[in-house]
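Q: I should like to learn how to read the contacts between chains in a structure. Could you guide me through an example?

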6 protein chains.
Amino acid sequence: MEDKKRYEAGIQAMEELFSSEVRKGMQEMKQISPDFWEMIVSFGFGDLYSREALSLSQREIVTLTTLITQGAFDQLKVHLEAALNVGLSKEEIMEVIIHCSGYVGFPKAVQSMGIAAEVFKNNE
Amino acid sequence: MEDKKRYEAGIQAMEELFSSEVRKGMQEMKQISPDFWEMIVSFGFGDLYSREALSLSQREIVTLTTLITQGAFDQLKVHLEAALNVGLSKEEIMEVIIHCSGYVGFPKAVQSMGIAAEVFKNNE
Amino acid sequence: MEDKKRYEAGIQAMEELFSSEVRKGMQEMKQISPDFWEMIVSFGFGDLYSREALSLSQREIVTLTTLITQGAFDQLKVHLEAALNVGLSKEEIMEVIIHCSGYVGFPKAVQSMGIAAEVFKNNE
Amino acid sequence: MEDKKRYEAGIQAMEELFSSEVRKGMQEMKQISPDFWEMIVSFGFGDLYSREALSLSQREIVTLTTLITQGAFDQLKVHLEAALNVGLSKEEIMEVIIHCSGYVGFPKAVQSMGIAAEVFKNNE
Amino acid sequence: MEDKKRYEAGIQAMEELFSSEVRKGMQEMKQISPDFWEMIVSFGFGDLYSREALSLSQREIVTLTTLITQGAFDQLKVHLEAALNVGLSKEEIMEVIIHCSGYVGFPKAVQSMGIAAEVFKNNE
Amino acid sequence: MEDKKRYEAGIQAMEELFSSEVRKGMQEMKQISPDFWEMIVSFGFGDLYSREALSLSQREIVTLTTLITQGAFDQLKVHLEAALNVGLSKEEIMEVIIHCSGYVGFPKAVQSMGIAAEVFKNNE
């Protein structure tokens with residue numbers, strides 16, 4: 001795959017995952033570091049999210065879980081919205097968090113559930 | 001749910017997830033700390049894995065991801081087998097690891113892929 | 001122990017640990033996910049804090065340490081108050097943080113000390 | 001406190017915590033990096049363990065907890081022995097691990113309990 | 001080295017690293033815990049930053065990297081300024097973050113780049 | 001840059017960093033997952049290590065630091081060798097570890113120093 005195609009695949013994946021508002025916010029990175037922006041789009045979304053072996057909703061289960069585990073709560077918020085956008089139900093999302101409580105402990109799970117409740121409210 | 005039922009639900013979930021050999025190894029905990037063993041079975045497997053909002057294969061995607069993220073490679077081995085047992089394909093499992101590389105970095109992803117290759121070999 | 005007893009033991013432990021204001025805030029989880037709330041109370045506080053092998057002040061030393069280590073600063077605030085409530089002195093709490101500096105590094109220890117100073121001020 | 005006193009205080013703390021065999025093993029660091037060895041003894045043990053606000057057994061509760069939380073299992077082994085040496089009972093040590101399960105998740109707690117069982121066996 | 005010299009070396013290192021405003025903020029720790037303040041200055045800055053085997057700009061590359069890796073974003077802000085003060089260019093600092101993306105994943109790298117952009121703006 | 005060039009740049013960076021023995025070992029990944037291998041080479045080494053804003057020895061300071069911080073000791077071993085290969089001295093490498101002790105705590109720093117001593121012995 002040529003680099004231009006990787007970038008285009010990344011942009012397309014981002015359109016499926018994120019609202020136009022979220023994508024607009026992300027583009028600030030383009031000003032800060034055009035090179036880093038290119039990597040985020042081409043590798044992060046083009047190389048990874050565009051692959052076929054997992055569906056986008058399976059990928060968001062992976063993404064939510066790793067963000068909960070590493071306590072990356074700012075990014076979690078954005079991917080909770082993405083999870084809803086690619087078809088995971090609120091019940092499934094909350095269940096990912098509940099399942100995590102046994103693997104990462106309650107502090108991170110409780111904080112994640114609080115953030116999920118906010119995101120759900122804003123997306124009603 | 002009574003406590004006895006929680007324990008029984010946990011034992012049943014463990015039978016779906018793990019080979020009899022793995023379960024036998026796990027039971028050493030019963031000798032070390034009967035109370036901790038009871039919590040592992042009743043809470044870890046009874047309360048969490050027996051719930052319905054996610055399938056066992058979705059739960060193993062969550063479990064693999066959190067173990068990769070926290071670098072818990074001993075437990076990863078056991079859950080890679082469990083993932084195969086509940087119906088995830090080798091391709092899907094490798095894809096979980098590949099997806100994680102963008103979220104946890106290559107060191108943990110590369111180590112996880114090496115362990116997966118061993119587990120796959122032993123389960124051919 | 002029946003489930004009802006586990007829940008009651010959890011509620012009782014929470015009353016010993018937290019002010020009524022904190023407990024009221026925690027109950028928002030009851031609305032978000034009644035199932036998760038039940039696990040937090042019955043497992044997190046009923047199964048764990050109600051056991052006898054460690055005193056509540058010893059348990060709070062464990063809790064503060066794990067929260068400092070994982071950088072869970074929101075939960076740390078609540079448990080700094082709990083630590084005072086179950087009888088740890090300010091000097092002992094600061095000493096837990098100082099001891100941690102050699103094990104988790106100064107960034108997390110310094111941030112924890114700053115939060116402790118705020119909590120102490122609010123509890124004078 | 002002069003530097004010589006800090007070093008002496010560190011050596012004395014190490015004698016209370018560790019067996020002569022363990023201390024002998026630790027001294028290999030003296031050959032690798034004399035400067036780093038001096039810091040470990042003077043800061044790690046002299047400045048931290050010699051302070052009075054917490055007892056050595058309280059300090060080992062902190063140390064075990066942070067090692068469990070960060071998955072530092074090699075160091076955990078040594079400090080499980082130290083915990084026994086400064087008077088914590090096996091029951092108290094296992095309870096620290098059980099309490100941690102709710103805060104760091106079961107994978108790290110289970111692995112820690114397995115290591116504790118080995119250490120207890122070797123110290124019977 | 002006597003303790004007084006360690007403290008003085010620490011104060012001198014802090015003057016090379018931080019603006020007077022930042023140092024003034026740090027001194028609040030002196031009120032909270034004079035003992036902890038003494039350790040931060042004498043060990044954290046005196047023992048570590050004053051050593052000769054690495055330059056201050058190399059030390060800030062180490063410091064930025066560990067803070068990015070552990071997600072210690074509050075401390076990262078202060079050390080991004082320190083990195084500029086000891087002569088790292090904006091381009092080099094951004095490159096440290098970009099290099100980290102392959103080792104810690106994009107969530108922490110993206111958050112770090114956003115903080116760097118703010119710090120650069122305030123230091124123009 | 002075309003994909004073929006990214007891969008070639010990655011292979012060239014790996015040749016500068018690693019011995020032929022290490023590179024041969026890494027190529028096992030090519031059999032396990034050709035796609036993941038391609039990402040490691042093209043993104044991990046081609047996109048990241050081939051950039052000009054940092055020298056290879058500065059990049060290895062970043063890499064060592066992040067591996068020490070996340071406790072990725074298997075990868076650390078390989079990159080300690082790479083650090084020597086790109087011109088860092090043993091003294092500088094040990095100093096990176098010593099500096100880290102104040103940021104990640106002694107357990108990880110001590111373990112890293114032990115591994116460094118082994119690598120240095122094998123490379124005499």
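The dialogue below treats pairs of chains, salt bridges and one residue in turn.

A: Please keep in mind throughout that this is a predicted model. We shall begin with two copies of a chain and then turn to the places where chains touch.

Q: How are chain F and chain C related, and by what turn and shift can one be laid on the other?

A: Two copies of a chain are related by a rotation about an axis and a shift along it. Here a turn of 180° with a shift of 0.0 Å along the axis lays chain F on chain C, and the RMSD is 0.0 Å. The two copies are therefore related as by a two-fold rotation axis. Within chain F, Gly105(F) has the C-alpha nearest this axis, at 2.1 Å. Both copies use the same surface, since 100% of the contact residues of chain F recur in chain C.

Q: How many residues of chain F and of chain C are in contact, and what area is buried between them?

A: On each side the list of contact residues may be read together with the area that is lost. In this case 6 residues of chain F are in contact with 6 residues of chain C. The area buried between these chains is about 420 Å², and carbon and sulfur atoms give 59% of it. On the side of chain F, the residues that lose the most area to chain C are Gly102(F), Tyr103(F) and Pro107(F), together 65% of what that side buries.

Q: Which kinds of interaction does the rule find across the interface of chain F and chain C, and which elements of chain F supply the residues?

A: The rule finds 0 salt bridges across this interface, but 2 residue pairs in polar contact. Two helices, α7 (90-104) and α8 (106-122) of chain F, each supply at least two residues of the side that touches chain C. The most comes from α7(F), with 3 residues. By class, that side of chain F has 4 nonpolar, 2 polar and no charged residues.

Q: How should I read the contact of chain B and chain A, and how many residues does each give?

A: The same kinds of entry may be read in turn. This contact takes 29 residues from chain B and 29 residues from chain A. About 2700 Å² is buried between the two chains, with 67% given by carbon and sulfur atoms. In chain B, the residues that lose the most area to chain A are Glu95(B), His99(B) and Tyr103(B), together 26% of what that side buries.

Between chain B and chain A there are 4 salt bridges. One bridge joins Glu95(A) to Arg51(B), with the closest N and O atoms 2.6 Å apart. The rule also finds 14 residue pairs in polar contact across this interface. On the side of chain B, the elements that give two or more residues are α4 (34-49), α5 (56-70) and α7 (90-104). The largest share, 11 residues, comes from α7(B). By class, this side has 14 nonpolar, 10 polar and 5 charged residues.

Q: How many salt bridges are there over all chains, and where do Arg51(A) and Asp35(F) lie?

A: When reading a salt bridge, one notes the two partners, their distance and their places. The count over all chains comes to 30 salt bridges. In one of these, Arg51(A) meets Asp35(F), the closest N and O atoms being 2.9 Å apart. Arg51(A) lies in the loop between α4 and α5 of chain A and Asp35(F) in helix α4 of chain F, so the pair joins two chains.

Q: Is Asp35(F) buried, partly exposed or exposed, and how does Glu95(D) count?

A: Relative accessible area settles the matter, and buried means under 20%. Asp35(F) has a relative accessible area of 39%, so this residue is partly exposed. Glu95(D) counts as buried because its relative accessibility is 2%. The side chain of Glu95(D) meets that of Arg51(C) in a salt bridge of 2.6 Å, N to O.

Q: Where is Glu81(D), and which residues does Glu81(D) contact beyond its neighbours in sequence?

A: Glu81(D) is in helix α6 (residues 73-85) of chain D. Leaving aside neighbours within four places in sequence, Glu81(D) is in contact with Val22(D), Val119(D) and Asn123(D). With a relative accessible area of 21%, Glu81(D) is partly exposed.

Conventions
Residues numbered from 1 in each chain as written. Chains lettered and ligands numbered in written order. Predicted model: local features only at pLDDT ≥ 70, side-chain atom pairs only at ≥ 80, totals over all residues. Heavy atoms only, no water. Helix = DSSP H or I, 4+ residues; strand = E, 2+ residues; numbered from the N terminus. Buried < 20%, exposed > 50% of the residue type's maximum accessible area, 1.4 Å probe, protein only. Contact = heavy atoms within 4.5 Å. Least-squares fit on C-alpha atoms with pLDDT ≥ 70 in both. Buried area = accessible area lost by both parts, 1.4 Å probe. Polar contact = N/O pair within 3.5 Å; in protein donor to acceptor, adjacent residues only side chain to side chain. Nonpolar A, V, L, I, M, F, W, Y, C, P; charged D, E, K, R; others polar.
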